Amino acid sequence: MTILIEQPPLEFGIGEKETCDDTNELVLDGGFMMPKLESDGKFAAPEINSFGNSFRDYNAESERQKTVEEFYRLNHINQTVEFVKKMREEYRKLDKLEMSIWECCELLNDVVDDSDPDLDEPQIEHLLQTAEAIRKDYPDDDWLHLTALIHDLGKVLLLPQFGELPQWAVVGDTFPLGCAFDESIVHHKYFKTNPDIQNPSYNTKNGIYQEGCGLENVLMSFGHDDYMYLVAKENGTTLPSAALFVIRYHSFYPLHRAGAYTHLMNEEDKENLKWLHIFNKYDLYSKSKVRVDIEEVKPYYLSLIEKYFPAKLRW
Ligand SMILES: [Fe+2]
Ligand SMILES: [Fe+2]
């Protein structure tokens, strides 16, 4: 299995995280791809993708760049304390659908990222590639294999059955609300028009929180991480606390990549963060050359689902 595992350096520019070795491009968790920054600050345009097709042209790449920036502009303006509270209240009702975990994996294949025509790998392959790569290196931690399989299922929020939320409310990096926006958050400049900036109680380092209060008490920007956490917890999963932590904070790059907001963590968070660091090395939106044989690995994952979840979940 060819999965790229090198931890990328901390000093990237703009929210890019994952490098594809043969295309020199960077991929956001939402499926947005971004050209890699060269040392002179210019973008290196990739010539071919991993399927051997040419990228369209430089203009297409700069278009994508604009798409990503526009995505974060909307995200940073609209994610507020009030918005997050409203969304959590709505989506913790779990009154949208009933289905098994595996059915949701299949449903996720309907999620198409219009912004990324070069990425033709079905979502289920990303999930299984991540899970299989971890399984190879951590064969005894079956809970982590299942965590990898389900970590992105919350992206079903993009589908009509789930309210067809806009991309800015589903994917991209996450960050706390109710305290100062850390400089390490991608495209930080767009927070200047976020209404929460006007509220002085939200603008100190701790904001409305106490130091060491634990991340579970911190409101995070709403997206597929928090939604899948709610689904797993409210349906009574027996997955360990580290699994729920990984699901809930895997897009919290300011924490797990830049080391921001650690003052809000408690002891349990610090333990769980070790697992999140491990997990994130595998959570590549890999345009992997190796395709996973879904039917071959399916029985294993069905057995894990049965071990840790009820047969049907409320979503
Ligand atoms: Fe994700
Ligand atoms: Fe992912």
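What percentage of the 315 residues of the chain count as buried?

1. Overall composition. The model under discussion is a predicted one, and in it 43% of the 315 residues of the chain count as buried. The chain holds 10 helices and 6 strands. Among contacts in the chain with a separation of 6 or more, 72% are accounted for by residues 24 or more positions apart.

2. Geometry of H10. Helix H10 takes in residues 294–308, and at 1.5 Å a residue its 15 residues should span 21 Å, which agrees with the 20 Å that lie between its end C-alpha atoms. A reader tracing this helix should nevertheless note a bend of about 25 degrees, which is placed at Tyr300.

3. Burial of H10. The buried residues in H10 include Tyr301, Leu304 and Tyr308, and helix H5, residues 142–150, is part of what covers the buried residues of H10.

4. The packing of H5 with H10. The axes of H5 and H10 lie 10 Å apart and the two helices pack at an angle of about 100 degrees; they are therefore roughly perpendicular to each other, since angles from 65 to 115 degrees fall in that class. On the H5 side the contact is made by Asp142, Trp143, His145, Leu146 and Leu149, and on the H10 side by Tyr301, Leu304, Ile305 and Tyr308. Sorted by class, this contact of H5 with H10 has 7 nonpolar residues, with 1 polar and 1 charged residue besides. Tyr301, Leu304 and Tyr308, named here as contact residues of H10, are also buried in that helix.

5. Burial of H7. Helix H7, which covers residues 241–249, is mostly covered, with 7 of its 9 residues buried. These buried residues are Ala242, Ala243, Phe245, Val246, Ile247, Arg248 and Tyr249, and they pack against H5, helix H6 (224–234), helix H8 (253–256) and helix H9 (267–282). H5 thus appears both among the helices that the buried residues of H7 pack against and in the cover of the buried residues of H10.

6. The packing of H6 with H7. H6 and H7 pack with their axes 6 Å apart and at an angle of about 150 degrees, which makes H6 roughly antiparallel to H7, given that angles over 145 degrees count as such. From H6, the residues Asp225, Asp226, Met228, Tyr229, Ala232 and Lys233 meet Leu244, Ile247, Arg248 and Tyr249 of H7. By class, the contact of H6 with H7 has 6 nonpolar and 4 charged residues, and no polar ones. Of the H7 residues that meet H6, Ile247, Arg248 and Tyr249 are also listed among the buried residues of H7.

7. A positive phi at Glu164. Although Glu164 is not a glycine, its phi is positive, at about 50 degrees. The residue is found in the loop between H5 and H6, and because Glu164 has 10 C-beta neighbours inside 10 Å, it counts as exposed, the cut-off for that class being 12 or fewer.

8. A positive phi at Tyr261. Tyr261, likewise a residue other than glycine, has a positive phi near 65 degrees, and its place is in the loop between H8 and H9. Tyr261 counts as buried because it has 22 C-beta neighbours inside 10 Å, where 20 or more are needed. The two residues should be judged with their settings in mind, Glu164 being exposed and Tyr261 buried.

Notes:
Residues are numbered from 1 along each chain as its sequence is written. Chains are lettered from A and ligands numbered from 1 in the order in which they are written. This is a predicted model: local features need pLDDT of at least 70, side-chain atom pairs count only at pLDDT 80 or more; totals for chains, interfaces and linings use all residues. Helices (H or I, at least four residues) and strands (E, at least two) are DSSP runs, numbered from the N terminus. The expected span of a helix is 1.5 Å times one less than its number of residues. The bend at a residue is the angle between axes fitted to the seven residues ending there and the seven starting there. Two residues are in contact if their C-beta atoms, placed from the backbone, lie within 7 Å. Axes are lines fitted to C-alpha atoms, for helices over the stretch in contact, and angles run from 0 to 180 degrees between N-to-C directions. Angles under 35 degrees count as roughly parallel, over 145 as roughly antiparallel, 65 to 115 as roughly perpendicular and the rest as oblique. Ala, Val, Leu, Ile, Met, Phe, Trp, Tyr, Cys and Pro count as nonpolar, Asp, Glu, Lys and Arg as charged, and the others, Gly among them, as polar.
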